[in-house]
Amino acid sequence: QVQLVESGGGLVQSGGSLRLACAASRSIFRIDFMDWYRQAPGKQRELVARVFSDERTNYADSVKGRFTISRDNAKNTVYLQMNSLEPEDTAVYYCHAVGSPSGPAGTYHYWGQGTQVTVSS
């Protein structure tokens, strides 16, 4: 069974940095993209950043210029480098992957359990 394991969350002051990592517990045959979502209490889950298999990236407007998503295909791992953090970035961050577990056909979704990021003023 494929699982996504997240790490790197924590408490940081405004203006500080954190780097999140998310690794699959086993190899995924085909990964179309991996991304990060976040959800703050009382708010809807939102897409933060996405990296495709061809290394194209998408970012939420609120994090452009501050966050960088990257991947290591050999390790089935995605990272989120977060710089210039603001209190508004406080949320639980979830990694997510879309692909096929064992062949070229099919599309499946995988989710991490979430890691807390707290940014103090």
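I counted a contact wherever heavy atoms lie within 4.5 Å. This is a predicted model, so I kept local features to pLDDT of at least 70 and side-chain atom pairs to pLDDT 80 or more, while totals for chains, interfaces and linings use all residues. Residues are numbered from 1 along each chain as its sequence is written, and side-chain values use heavy atoms, with hydrogens and water left out.

**Tyr93.** I looked up tyrosine 93, setting aside neighbours within four places in sequence, and found it in contact with residues including Glu6, Trp36, Val48, Phe67, Leu80, Met82 and Val117.

**Core.** Next came the largest nonpolar core (buried Ala, Val, Leu, Ile, Met, Phe, Trp, Tyr and Cys residues joined through side-chain atoms within 4.5 Å; buried is under 20% relative accessible area, exposed over 50%, partly exposed in between, with a 1.4 Å probe and protein chains only). It holds 29 residues, and Trp36, Val48, Phe67, Leu80, Met82 and Tyr93 touch the most other members. Among the elements that give two or more residues are strands E4 (30-39), E8 (77-82) and E9 (91-100); strands are DSSP runs of at least two E residues, numbered from the N terminus.

**Tyr110.** Where does tyrosine 110 lie? I found it in strand E10 (residues 108-111), and it counts as buried at 11% relative accessibility. Its contacts beyond four places in sequence include Val2, Leu4, Ile28 and Cys95.

**Phi check.** Most residues other than glycine have a negative phi. Glutamate 55 has a positive one of about 75°; it sits in the loop between E5 and E6 and is exposed at 58%. Serine 84 also has a positive phi, about 50°, in the loop between E8 and E9, and is partly exposed at 41%.

Terms used
Helices (H or I, at least four residues) and strands (E, at least two) are DSSP runs, numbered from the N terminus.
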